[in-house]
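Biologist: I would like a close look at one part of this protein. Please take me through it step by step.

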Amino acid sequence: MNLQTFFILIFLLIGVTVLLAFTDILLGGHKQTLLRINKENEFPVSGRGTSTLLDALSENRIFIPSACGGKGTCGHCKVKVESGGGDVLPMEENFLSPQEKKEGIRLACQVRVRDDIDINLPGDLLEAKEYTAEVVALEDMNYDTKFIKLKLLSPETIDFKPGQYVQILVPGYEQFRAYSIASPPSQKDLLEFVIRYVPKGLCTTFIHKALRVGDIIKFTGPYGEFYLQEDSGKPIVCLARSTGIAPIRSIILHLKEKGLTRATHSYYSARKKTDILLDDELKAIEEKHPNFFHYIVLSRPGPEDHWEGETGYITDTVPKYEESLEEKEYYLCGPPEMIDDAIDVLVSQGVPKEQIFFDKF
Ligand SMILES: Cc1cc2nc3c(=O)[nH]c(=O)nc-3n(C[C@H](O)[C@H](O)[C@H](O)COP(=O)(O)OP(=O)(O)OC[C@H]3O[C@@H](n4cnc5c(N)ncnc54)[C@H](O)[C@@H]3O)c2cc1C
Ligand code: FES
């Protein structure tokens with residue numbers, strides 16, 4: 001190829017590139033996609049159609065709950081989409097009731113932002129922030145559960161309601177997992193957590209195997225509709241299994257600070273004695289406060305447990321000790337099966353659903 005042909009080819013190539021770019025602009029390809037929230041605030045969306053709504057929100061420092069890290073398995077990232085966002089995906093169907101679909105509720109992690117999108121977010125979600133904290137304690141509570149204390153560095157304090165949770169970021173994976181705050185809201189600069197190791201689990205492997213005192217981690221929050229109803233004077237009954245005791249501890253410690261004027265009964269279910277968590281602390285509160293009881297129910301005690309207390313299902317124990325079930329308020333936290341069984345039992349005994357609050361995990 002001689003020099004002249006070479007320059008002609010280069011010239012043609014530049015011409016075609018300019019033409020394509022110009023056509024792209026004319027067809028709107030370079031139009032900035034916008035995320036509009038509550039008809040007030042507009043944010044640019046990067047990724048040219050590849051970003052999910054969850055990514056777009058987090059890029060703009062709006063942190064909504066996403067307990068499964070965007071895998072579409074927790075159903076926590078529900079957002080009301082006013083316009084845009086395409087059709088509901090099969091993955092979302094399991095989490096959305098017919099009414100929610102009618103109202104435009106979507107899973108933010110499944111919505112691709114290809115065009116401008118308008119969404120509606122409640123005020124408290126807009127208040128969730130990103131926090132940096134130092135690990136100041138990391139102690140074994142039993143064979144698979146650790147007690148962790150985080151000292152807040154920036155911002156230095158957090159406001160939350162007893163029962164709410166935050167989402168811890170797993171460094172290097174940019175994935176979040178939800179963990180209930182186990183300390184009372186009066187402790188604004190030091191958060192406590194009860195975290196059980198899940199074999200091969202991303203976040204719990206990081207926390208149990210890699211995290212050290214002195215490490216700095218990030219989390220977002222606070223989140224959750226599961227929290228103590230402060231305006232109600234009804235007696236309280238708490239049911240927890242495993243690390244479900246974490247938010248229940250926050251509620252109980254908060255009530256204790258207020259003098260435990262509301263009668264509070266806590267039921268904790270574990271398989272064996274080695275699975276019991278926070279027993280000493282809760283029993284110590286029981287000794288000092290006549291309004292507070294803490295019952296432990298073992299579902300599968302072995303001979304080595306020498307257990308003489310309650311056994312079987314927690315849902316059988318509660319009606320045995322509680323009178324006038326329908327006059328009380330219930331806080332349930334633990335595995336989904338336990339929560340579903342407990343709700344069935346309580347409702348069948350006349351407890352209105354509005355008096356039952358729960359978090360499944
Ligand atoms: C609102 C909320 C509050 C929570 N609070 C706490 C808390 O206070 N303490 C706590 O320890 N956990 C809590 N969890 C659970 C926590 O968010 C994680 O799901 C859990 O720690 C596992 O995360 P991972 O990254 O280690 O496992 P992943 O990498 O997410 O999962 C690895 C594998 O383990 C399975 N798996 C996930 N969770 C469990 C489980 N619990 N039991 C058995 N198998 C499981 C998954 O299906 C997957 O196959 C809470 C969850 C929610 C939604
Ligand atoms: S983040 Fe869990 S379903 Fe969307």
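Biologist: How many bridges join strand E16 to E17, and which way do the two strands run?

Modeller: Keep in mind that this is a predicted model. Strand E16 covers residues 329-334, and 5 bridges join E16 to E17. The two strands run parallel. Take one bridge as an example: tyrosine 330 has isoleucine 356 in E17 as its bridge partner.

Now place that pair in its sheet. The sheet is open and has 6 strands. Their order is E15-E14-E13-E12-E16-E17, with parallel pairing. Look at the edges next. Strand E15 (310-311) stands at one edge and strand E17 (356-360) at the other. Each has a single partner strand, so one side of each is left without a neighbour in the sheet.

Step back to the domains. The domain assignment gives domain 1 (33-123), domain 2 (128-223) and domain 3 (236-360).

Domain 1 and domain 2 also meet. Their C-alpha centres lie 26 Å apart. In the contact, 10 residues of domain 1 touch 11 residues of domain 2. Together the two domains bury about 810 Å², with 47% of it on carbon and sulfur atoms. On the domain 1 side, Phe63, Pro65 and Ala67 lose the most area to domain 2. These residues together make up 54% of what that side buries.

Polar links occur here too. The count between domain 1 and domain 2 is 5 residue pairs in polar contact. The side of domain 1 that touches domain 2 has 5 nonpolar, 3 polar and 2 charged residues. There is 1 salt bridge between the two domains. The side chains of arginine 61 and glutamate 130 meet in a salt bridge, at 2.9 Å from N to O.

Notes. Residues are numbered from 1 along each chain as its sequence is written. Chains are lettered from A and ligands numbered from 1 in the order in which they are written. This is a predicted model: local features need pLDDT of at least 70, side-chain atom pairs count only at pLDDT 80 or more; totals for chains, interfaces and linings use all residues. Side-chain values use heavy atoms; hydrogens and water are left out. Domain bounds come from an automatic or database domain assignment. Contact means heavy atoms within 4.5 Å. Buried area is the accessible area (1.4 Å probe) that two parts lose on being put together, summed over both. A salt bridge is a side-chain nitrogen of Lys or Arg within 4 Å of a carboxyl oxygen of Asp or Glu. A polar contact is a pair of N or O atoms within 3.5 Å; within protein, one must be able to donate a hydrogen and the other to accept it, and residues adjacent in sequence count only if both atoms are side-chain atoms. Ala, Val, Leu, Ile, Met, Phe, Trp, Tyr, Cys and Pro count as nonpolar, Asp, Glu, Lys and Arg as charged, and the others, Gly among them, as polar. Two strands pair if DSSP finds at least two bridges between them. Helices (H or I, at least four residues) and strands (E, at least two) are DSSP runs, numbered from the N terminus.
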